[in-house]
Amino acid sequence: MLRVLLLRHAKSDRPAGAADLDRPLNPRGRRTAPLMAGYLAAENLRPDHVAVSPAKRTRETWEPIHTALGGPEATIVPEIYEAPDAALLAVIRATPATARGLLMVGHNPGFQDVALRLVGSGSRAARDRLADGFPTGALAVLDFDVETWDKIRAGSGRLERFVAPRDLDAEEAA
């Protein structure tokens, strides 16, 4: 079995004059990124391979997760930045054969699109939530009953869970 964890970057800021690639997390994002890091660690969601968009907000989202999990090191993958679902699927399929779990930290709408494309089963409630949107800081966990990354196809994944920061933090839910 292979596992893909899709984590959308935490809430970002829009400083005047900053290029999109250089946008940092805002105060809410700086609070929820460690919250999601704690969730990943507590739930033992530990990938073998991590691919992160080069955007500042994705790298800042990854930092507390790296600390909470104690590794692995992330690979910055330019193809994730503002990528459509087909490009994201290509990144997934190119995951090293030695990895059994991949964490990607990136952006919408590509993450929601690729998740919806890949999911063929799983909790109806979780799939409905995913179809409604992929909020900042949210995590989709997809399991695939295949042995190699290149065998991942549309509809072949099971949505194991879909978790947003508001599910973990009363302050976020308000």
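Buried means under 20% relative accessible area, exposed over 50%, and partly exposed in between, with a 1.4 Å probe and protein chains only. Helices (H or I, at least four residues) and strands (E, at least two) are DSSP runs, numbered from the N terminus. The model you see is predicted, so local features need pLDDT of at least 70 and side-chain atom pairs count only at pLDDT 80 or more, while totals for chains, interfaces and linings use all residues. Residues are numbered from 1 along each chain as its sequence is written, and side-chain values use heavy atoms, leaving out hydrogens and water.

Let's start with strand β7 (residues 157–163): five of its seven residues are buried, so the rest of the structure largely encloses this strand. Its partners are tabulated here; two strands pair if DSSP finds at least two bridges between them.

| Partner of β7 | Sense and bridges | Residue opposite Leu159 |
|---|---|---|
| β5 (residues 119–122) | parallel, three bridges | Gly122 |
| β6 (residues 139–144) | antiparallel, six bridges | Leu142 |

Now to helix α2 (residues 56–69), which has 14 residues. Its buried residues are Arg57, Thr58, Thr61, Trp62, Ile65 and Leu69. An α-helix has 3.6 residues a turn, so residues three or four places apart point the same way. Elements that cover the buried residues of α2, by contact (heavy atoms within 4.5 Å), include β1 (2–8), α1 (27–42), β2 (49–52), β3 (74–76) and β4 (101–106). After α2 comes Gly70, with a positive phi near 70°.

Terms used: The expected span of a helix is 1.5 Å times one less than its number of residues.
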